[in-house]
Each structure stands twice: as C-alpha cells, then as structure tokens.
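Please walk through this structure with me, beginning with how one chain is divided and ending with a barrel of strands.

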Amino acid sequence: MSNQTRMPETGAPQMPSKADHPAGKCLMSRRKFLLSSGIATSTVMVSMNTGAAAAKIPATISTYPRKKIGKLSALKTDKPVSFEYPDEGAYAQSMLVKLGTEAGGGIGQQKDVVAFNYFCTHQGGDLSGTYKADTKSLGACPLHLSTYDLTRHGILISGQAYQSLPQVLLELQGDDIYAVGVFGLIFGRYDNLQG
Amino acid sequence: MSTPYYIPETDVPLPPKGADVITTACDYCIVACGYKVYRWPVAGGRNGGPKAGDNAFKADFPVDPLGPWVAPNQHNIVLHDGKPHHVVIIPDKDTKFVNTDGDSSLRGGCIAQKCYNPQTPTRDRLKSPMMRIYGILQPVPWDFALDVAAEVGNYVRSAHGANAFGVKTFSYQYIENTYAITKYALRHVNTANFTFHDTPSDVSSTPGFRDAGFDNFGPAYEDWMNAETLLVCGTDPYETKTILWTQWIMKGIQNGQKCIMMNPRRTAGVAYAEKNGGLWLDINLGTDLLVVNAIARIIAENGWQDAEWIKDWVNNKWGSSSGFGQGTRNTPWQWRTTWGKFQTKGYEDWKKWLLSQDEFKPENAAKIAGIDVQKIRTAAEWMAKPNNGKRPKTSIMIEKGFYWSNNTGNTQAISALAIIVGAGGRPGQVVGRAGGHQRGGQRGGKYPRNKSPMKVPGRRRRALDTDTWTMSGHTRFAHVIGTTWIQSMCGSQQLAKRFEELTVANPHQVRSYDKQDIIDTLKKRADSGGMVVVNQDIYLVDPIGNRYADIIFPAATWGEDTFMRANGERRLRLYNKFYDAPGEAKPDWWIIAELAKRMGFDGFDWKNSNDVAEESARFSRGSRKDFNMIKVAAHREGKTLHQKLGEFGTNGIQGPVYMEDDGTLVGTKRLHDTTRKLPETGPAAGNVFNKKLTHFNSQTGRCNLQKSPWSLFSDYWEWMTPKGNELWCTSGRTNERWQSGFDDRRRPYVVQRWPDNYVEMHPDDAAARGIENGDMLMVYSDRVPSLKETTLGVEGSDYSFSGQMKAGNVELTRAAVTGVAMVTRHIKKGIIFMDFLHTSQPANSLEGRIVDWISGNYNYKMGVAKVKKIGESPYKNTFRSMSFAPRDII
C-alpha cells in the first residue's frame, strides 16, 4: 500500500555489542520533576529532554549482581526504603518494603518483605512516594493512574501498564537482604542489564 | 482451573533503522488510539541498537518517560509475504489527536499480542472452513462450505420465507465488512430477522437522544475537556475508554473542570474526580431517571435554565408536532409521541409536568436512589447556576450503565436536562455517548421494517426481536458473524437451551460424505422446525460455534486486510494490513461476497477491500461519518480511497468530510455546531450539507424537549428490586479486558490478572453471607423474567411489565453463574458487579430477558441475584493471579 511508509533497508545495522551500551545515569532531577509535576504533567513531559540518559556509560553487567540492599531488622512495617538495582543507571531506583502481610516472593519470617522497581511499566511515571499502607500498593502513577499490588508480585490492580511492576528478587543471609535479580523488563530499557 | 502463569521477559528486540513503519489504529475501544507498526525480517538477525542512530525510533535507550519504550508484550513475530517478521506495535508518539502524548491503554498497548503466532495462545485461530460431520467440526475446502451454506440458505428463503433466514452480526468491525454484510442481508436476502451484536432487534440505542434530535457521537474529544462542568452517567471513562479520560477529561479536571460521576462503583476515574473537587452520585441501579429529573427540577425552580438557548433551539407546540407526516408512518418518533407520554409544547409545558411529579422532588428522588440529597443540589448548581451572570459551560456524557438500565426513560430524561442547561451545540457544551466499540457501520441496505410481524400499540411495526423469534422456532437458518450470540444477550441460559434443541438435538444431523446428502439433511433440519447455524468468526466461540454451528467460516481481522473505521469523535482512519492472515482465513467482505454470488445475488464482484470501501462511500453521504468526498478527492488525484485516507495517517479526518473548491478536504469537529459557518453558496458539486452539521436531527432542526415518566418503568423496577437476601446484580467492562476477552483470554498476562469472572461486593454484604476475598461463589436467581412471546397487547397500557405479567407472557426462569468474590469498598452496598461478557460465566444470564417496551432494547444492567459461597478459588491463598485490591486507589 502506498500509505505505508516503507523506508529502504540501508545496510545491515550491527548487532549491539555490550561495550556500546549506555545504561544511563540516575536522573534524580527527573524523578522529582515527575513526582511534583501534577497538573502540568502533560506539557512538561514533552519538553523534558534528558540527553543525560546516555551521557555516562556504566560498567556492563552480563548477569544480575548480588547486592546488599538493607538489613531485615532495620525495616519498619509500611516504611519503604529506596535502593538502586541492578545498576546505578536510569530507572534503577527501587523500593524495599516490609508489608506486614505475606506476599508473593516475600522474605523474612512473615514472608512479607518485598522489593520493586519504582517506575511505572506504562510510560515511566515515577512511583516513589505513592506507597499505600492500607492496600499494600504502589500508585496511582502521577501520569495515568496505574496502581500495583505489592502482595501479588506487583500485578496491575487498575490502569494501563503493559506488565507487572518489575519485582526485585531477594535473598536473606542472616539479617542482610540481598537483591539478586529482576522479574520483568524495567521501563525505558530494552534489556535489564544493558540499559 | 489452573492458571497459565505469565513469565515476563527481561529484554526485547528493538526495530532497526530502516524497519517498515506502518500506521494503524487500535482494534478495540471507541477511542481508537493511533499506533505504529515497526516491521523487519527475522532473517539476518538485524535488530536495532540502543543508540538513536541504530534504531527506528531515532531514540537513545534507556528512553525518557513517555518515550518509545517497547514492553515485551508489544513485540511479536508474524508472517509477512510468507516470511517471518518481527513486529513491534506501540502507540504513535507523533500523533496530534486522540492519544496525544503517545498514550495507550493496556488493551491497545499490548495489541501486538493479538497477531496470530502459533507459538502463542493465538494458535487456535480459525484457519480453515469447517463443517460438522458425524458430530465433529472438520476442515473442508472453501468451495464445499460455501456451496452447502448457499444452497441450504436459499432453500430456507424459498421454503420458509426471508424472515426464517436470520443474520446476527457485529455492527462495527470495519466499514468494508459491515457494508458487505448489510448489502447481503438487508438488500438481497431482505430479512427482518436481522440485528446487531448488542441488541435483540435493529433499533436505536438511545431513543431519547433520537427524539430530542441529538446524534450519539456529535461531540469532539476536546469538548469533554473544555466543559466547565461535566456530568458522566453510567460509565467511568477511565475504565472503559481510557485515553478519552487520561488525555482529555483528566486534563479538563486539572484545569478546574467540575466532574460529576453518576455510577454505583467508585473506580479510579470516579475517585480521581472526587479527589480533585468532583462529585460522585452513588445511585442505586435503575434510579438514574429520578436523580436526573430532580436535578432538572432544582434548575427549573430556581430559573437557572439557559433561557436564551431554549428560546432559539427548543421546539414549541408547532415544532414538536411537525414530525408528523415524515416518511412512513412507522417512525419510532411518531408512535412515541402518538402515545402521548412524551411530547410537550415546549419549555413551560415540560416544566409544568416536571414540577407536578412528586417523585422528582429532590428528597424523594434521593431516598429511592440511596444518595445524599445535597449531592443533587450541588450537581444542579454546578451544572446551571450562573456565577456573576455567567453560565457554566456544561456537557453531559452517557453510556451503557445509564442507557441500558432504563433505556427510553433515562435517555429522555437526560436529553431534557441537556437541553435546559444549554448543552448540545456549542464548544465545550455538548451531549453525547462516550461509546463502547468503534464506529465501523455502513449500511448497504435498508432494514425491511414492514416485513416484521412484531408491532407496538396501534398498527405500527417494530423491528423484529431476533431472540424471541428464535426462541419461538421461526429462525431456520442463522448466519452469525463475529458476535457471541447467546452470552451477549439477556437470559443467556434460556437462549442456549433453545439453541441446543434446535440444532444438535434435532434428529437431522450430517452423517455423510456426500455433498448433496449433506445439503438434503440440513434442508430436512430446517423443514422439521430445527435450525441450521453458520458461524463466521476469528476464533471458535463456545457455544455458538463450538457446539451449535454446522458450518464455520474463518475470518481475517485487524492487520490482516486494509480497512476503514471511525472513532467516538467520528475520526476516520485507515487500518493497514501488515501481516498475513492465518491459513485460509478471509476477510468478512470476501466471505460474504463468495456466499452472495453463490446465492445468485449480483453486485459482489469486489477484488479487494478498497473496492468495497469505494462502493460504500456514496451510501455514507449525509451520515455522521460521511467519507464520500475523500473518494472524490482520491479519484481527482488518481488515487484510491484507501490511499487517500491513508495519507492522513493516525491523525485521520473527522466525518462528515467536506471538500473545498480547491480540492482540500475539511473535517467536522463537532455535529450540531450552532457556531459553525458553512459557505453561503451552499454545497457545491458532490458535497452534502446535512442538517446535523449546524442544527439538530429533528424535523425543524431544533430540539424536542420531552417528558420522561417514571411510571413507564417503575413497575418493572419495583418488581426487580431485591427481595429477601437478593442483591442488585449488574455488569460492565473492566479496564484490563476487552469485550468477551476473545483476545485477552489468549494473553497470559491478562489471564493472570483476570483468570475468572469476578463478583465485586460491598464488605457489609460479604460479611452478612460469610464471604471473603477469593471465595468461589454461586450467583443465582430463580426469578429471571423472560418474555414467552413477542409483546402481547392491544391497548397502550398492555405495553408494560405489569401488562405482560397480567397477560401471562412473562416466564420466570432460573440462572446460575460462578465467580470469584472480590470484597471491595469501591462498590455501593446492596449491589454486585461482574464482568459483562465472560463466555464461560455469563453475567447476562441473570439479567431479565424483557425488552424496553418502547425501544425494543434490553436493560442489560438491571438484574438481581442471590450469592452463596461454594468453596475457595485457587487465587484466595496464592499470589500469582488476580488482585483483591480496590480499584479506587488514587
């Protein structure tokens, strides 16, 4: 059909090599910007240009690192703490929380300690600060209102996300909590470990 | 009841620079967001890279929020020209309309998963015609299936009459297909035994709008945003047409719009509106009319009506009566007014009636509706009270929770309220439907109303009720196209029983290898009072296809041929073909053409879908999606209609389309636009200026202000009202699932989210029955009312629920549906809510098979049921599937 835009193939794009991959740098300003944007969201979002995403190239990782992210005894019920995983690149911000109720993938005696990536798997809205103790949920996303159930592997409660919130897999060693993997693709990336 | 757990991917291939980019729009809800398909060959392994220069998005990864991210559910592998290709399908980040910001719902966002891929749960797409031989649906060649269907169909027409030949079809699945189907069914078979997927007879969904003169889809999406006060009745647009909410209404609320939501459920959109200064009218089922008229009464009593608008745009006595004599004497408008229950002589006459009805006093209405009376007063003030001499710009949106509760009454009442607040014909001051499915209907023939044996009081004919007709055994050949007939209609389980009797329980079953023998057997089936069923669809639907059909035609669908369709603001787009249909599946227009030719009908020699579209163009003239001038422009430029529409990409163009003298095409932002100036010279050349461009759809072009008596419905409402431990039982869509779940049941992630039908109930109702989240429930009733025969009556008063009860024409039947308990704060006490169309747990079974006496529609949203726990679902104590968290978290 003539109405389909078909661009000619121009040579063979190279398969990406790991050395080339920018995982980006943590963009705290963007995160705060998103969270506080509220009413003006629709207009500020389009003007946000973060060339910084590709500015710094972190070390490439080919398997999930085992990273200590906190101590079980330090966690208070319904008080999320932040950490970064699987790297310090864009969209690595995550949350560790003791829900006080058993949850899928939960660790600890009550199986109630879980961790999730903080970015909405719809269009990248920042969910930090949206934890709700009464429903054990994250959201509503400030962009389009998606909500996630943290007791059920981050499944979408209501909204638009294309998948569950990526769950950070945890292991407990003594009192130390380690992040050891991520279940689901992190927003913004095409590969969790390569950015 | 095991659940196929969704195992998420942690990487996704990116489209390389140079990938094919093809525009389309979403296949699902009314909004029809714009999408782009990125397609590249699997062979060669040339995937894109994360640098802007190495991928088709020209974007660095990780991308920014709102950027062209690809979730793994947005990727698939399909055959294109017989070769495997990757496709990535994401919302168009460059579109200027509809899903501005490149937004999408979960439904459309994961539309790549719709594409046929034998490695995914889509592997059971219908790929070959089939015929039930020795009780088993077996693949047969197209010629074989078509020959048998054509000969048996023609025999039924000649031996039993055209009305024995039933056609039940989708109304929306692309202009080319609906044109072909209606040309075949209405123009050629010419049967009155015809209707669309969502109604037992071919009638208007919103009789009150029709009488008032409102088009269902007049408004532009920007009007919903620009209203200062917006009343939304019977829907949460966030749940059911998500992007209309997030890109339009939500932005209006952020700009200070006062949003009033009338709905017994407090889902996310309602909660968002409330949190941002809006209002929730948490009414009991079926009490909408009372609340709407109570609001109107406060406005009238305080003189807050838009007097200037009423003076210019409301019919007086003479205007109201001028509908007499239009066309045939069978127009629904005429017999409704003849009945004397609705017609007024204008505003003062209407006001006199309104004030004389005690049930519309705010206190009385609030009591029956179960809401705080102050909410009614607040709504009236927001909608109409002038502030420093300035009226608020008010708009009104309705949808099925409203118009399928008290079809005629509610739509009459809301039309009157719209008129007196000045909504209907100005920017930001509009009235319309929100919409369900997209608008792809284009008639290729006229409904033969005079062949219908069903009547309303007097001698006026009503469109044939295909359910009642089939229950009575009059349908001998049923051609069912792309609809879940049975579960989609009220009293589903009684319908299923009758289908069983008429088809597989009939002694004449195909047990032969010989074509003529097969044909003779099916003819004998029809002659014996049984029914032959042909089912045309993309999947085998249970039970209509799986259990009852004799012949199956496999259809091609979205992305498998090039089609046209309009959305809820009449925006026409081209939906391009981008991959090969599975097996021998063919587009519906092709199937219809091949069948029609075999039946001896002429005019079906189309070579491709553009041929059909071009033929249909002239029949669209004067309609809300008039696209005829696109064809005229295309031919001027040596293009096809499809090519020309395709040039508009995902932006499309809003119908009706007008052509300037220089050949430029101009769309229509809104209908009934009293502020629009058309060229004084009138329509030149092929252009049509329909009245609806600048006036209303009535005889005079002004609105009819009509009465909406509660008494026409109150006997049914009172009879239905829960008795003993019954609860009101209603149903609707949920954000994450589309229609019958025909695609969603094949998406592991959505299956994990919603594995079974659910039963939302208030914590108090649950506690009283010992029910907890995750319990498996039996939802049942032993008083589902069903009409035995078509409405029986002579006098006007016979046409009521009480009248039919008195005549012995109402049978009380039983129904039972299972579901998973979801105990939640977001539903009003006394009401349960289920998904409206789970094929294996059909909520419509519990809704009365009683049509609205005036319109002929079902009131699908009005049922009652008892609920009891029968055990625990597997989701109660495991964590992979479902969520019992409320839908009102903001």
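The paragraphs below take up the domains of chain B, then one contact between two of them, and finally a barrel.

The model is a predicted one, and its chain B is assigned five domains: domain 1 covers 20–115, domain 3 covers 207–433, domain 4 covers 627–689 and domain 5 covers 711–872, while domain 2 is made up of two segments, 130–191 and 441–554.

Domain 2 and domain 5 of chain B have C-alpha centres that lie 27 Å apart, and the contact between these domains draws 20 residues from domain 2 of chain B and 25 residues from domain 5 of chain B. On the side of domain 2 of chain B that touches domain 5 of chain B, the elements that give two or more residues are α18 (466–471) and α19 (492–502) of chain B, and of these α19(B) gives the most, with three residues. By character, the residues on this side of domain 2 of chain B divide into nine polar, seven nonpolar and four charged.

Turning to the strands, chain B holds a closed barrel of six strands, which runs in the order β22-β26-β23-β25-β24-β27 with mixed pairing, and the twist from one strand to the next averages 45°. In general, the strands of a sheet pair through backbone hydrogen bonds, in either a parallel or an antiparallel sense. Within this barrel, strand β24 (residues 775–787) of chain B pairs with strand β27 (residues 863–872) of chain B in the antiparallel sense, over six bridges. A single pair of residues lets the reader locate a bridge in the model: the bridge partner of B:Y780 is B:K866, in β27(B).

Definitions and conventions. Residues numbered from 1 in each chain as written. Chains lettered and ligands numbered in written order. Predicted model: local features only at pLDDT ≥ 70, side-chain atom pairs only at ≥ 80, totals over all residues. Pairing = 2+ DSSP bridges. Helix = DSSP H or I, 4+ residues; strand = E, 2+ residues; numbered from the N terminus. Axes fitted to C-alpha atoms, helices over the stretch in contact; angles between N-to-C directions. Domains from an automatic or database assignment. Contact = placed C-beta atoms within 7 Å. Nonpolar A, V, L, I, M, F, W, Y, C, P; charged D, E, K, R; others polar.
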